[in-house]
Amino acid sequence: MSTSPLDGYDETQVNLMKENLILVDTNDKVVGKCSKKDGHLRTELDQPNAQPHRAFSAFIFNEKNEMLLQRRSDEKITFPNMWTNTCCSHPLYVKEEMSEGPLPFQGIKTAAVRRLDYELGMRNVFEEDFNMLTKILYRANTDATWAEYELDFILFAKKHSDELVYEANKNEISHTEFVGRNDILDFLEAEVNTGKSQITPWFNMVLQSKMFGWWDHLINTGELPQEDTSGHIINYIEGEHAINAEDIPSIEEYKRMVANQ
């Protein structure tokens, strides 16, 4: 009897693995599509000709400049029960999520709006609320079966708490927390050290490199950091910006990194 790598997983999450993702090269040129399942299987990603797929990571702040964090549910197939930014997912291989206009990165922002509604029931964050700050290229393994190889668009938005009313989809999210800039590292350290959770690799890389510089800009100016339309991609896999996505620093190491941002 044949077996599937999806055997034993939550039915809703298994069905989501049928969605088609946008395959790109390492310069973000669209080269095709793949199922979400194939885009995350290590047997596919370990091939020498494997291509990354597009993703996004949305960071949502309230009027106090606190960021909404989520802990991924136990039902998630990749990186379950890990703390991460507000919403992380993929634009799909459909016209409206591959569109280039009228807003910059229109398709990516449309995908973020869709997933904020699905994961959090959040319906008052719109495409025009987002600035796309950079793209990151990374690779990280979940376990012996599943992995990520993504070109991830980093999106920031800030809204008043009255517009951030939400109810988490428990199939996607087990817990949420608004956390301030000066509290986040202690919060995450407590979660990791008590064995409650870990941190997703993409969130870890952003925390290590750019997060606090962007956050300080938001606090000091009241404005989102400027949108980056240059096409620049930060390559976290190799070169001067390389980071081991699965190596979570100590709180002291994080603080040293923050001082250099």
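**Exercise 1. Which residues in H5 meet which residues in H6?**

Before you start, know that this is a predicted model, where local features need pLDDT of at least 70, side-chain atom pairs count only at pLDDT 80 or more, and totals for chains, interfaces and linings use all residues. Residues are numbered from 1 along each chain as its sequence is written, and side-chain values use heavy atoms, with hydrogens and water left out.

*Solution.*
- Step 1: Find helix H5 at residues 201–209 and helix H6 at residues 211–221. Helices here are DSSP runs (H or I, at least four residues), strands are too (E, at least two), and both are numbered from the N terminus.
- Step 2: Look for contacts (heavy atoms within 4.5 Å). On the H5 side you get Val206, Leu207 and Ser209; on the H6 side, Met211, Phe212 and Trp214.
- Step 3: Sort these residues: 5 are nonpolar, 1 is polar and none is charged. For this, Ala, Val, Leu, Ile, Met, Phe, Trp, Tyr, Cys and Pro count as nonpolar, Asp, Glu, Lys and Arg as charged, and the others, Gly among them, as polar.

**Exercise 2. Work out where glutamate 172 sits and what its side chain pairs with.**

*Solution.*
- Step 1: Glutamate 172 is in the loop between strand E8 (147–158) and strand E9 (173–179).
- Step 2: Its relative accessibility is 2%, so glutamate 172 counts as buried. The cut-offs are under 20% relative accessible area for buried, over 50% for exposed, and partly exposed in between (1.4 Å probe, protein chains only).
- Step 3: The side chains of glutamate 172 and glutamine 13 make a polar contact at 3.0 Å. That term means a pair of N or O atoms within 3.5 Å; within protein, one must be able to donate a hydrogen and the other to accept it, and residues adjacent in sequence count only if both atoms are side-chain atoms.
- Step 4: Leaving aside neighbours within four places in sequence, glutamate 172 also touches several others, including Arg71, Arg72 and Glu119.

**Exercise 3. Now follow that last contact to glutamate 119.**

*Solution.*
- Step 1: Glutamate 119 lies in helix H3, residues 106–120.
- Step 2: With a relative accessible area of 2%, glutamate 119 is buried.
- Step 3: Its side chain joins that of glutamine 70 through a polar contact of 2.9 Å.

**Exercise 4. Is tyrosine 166 buried or partly exposed?**

*Solution.*
- Step 1: Go to the loop between E8 and E9, where tyrosine 166 is found.
- Step 2: Its relative accessibility is 27%, so tyrosine 166 is partly exposed.
- Step 3: Its side chain makes a polar contact with the side chain of threonine 176 at 2.9 Å.

Key:
Axes are lines fitted to C-alpha atoms, for helices over the stretch in contact, and angles run from 0 to 180 degrees between N-to-C directions.
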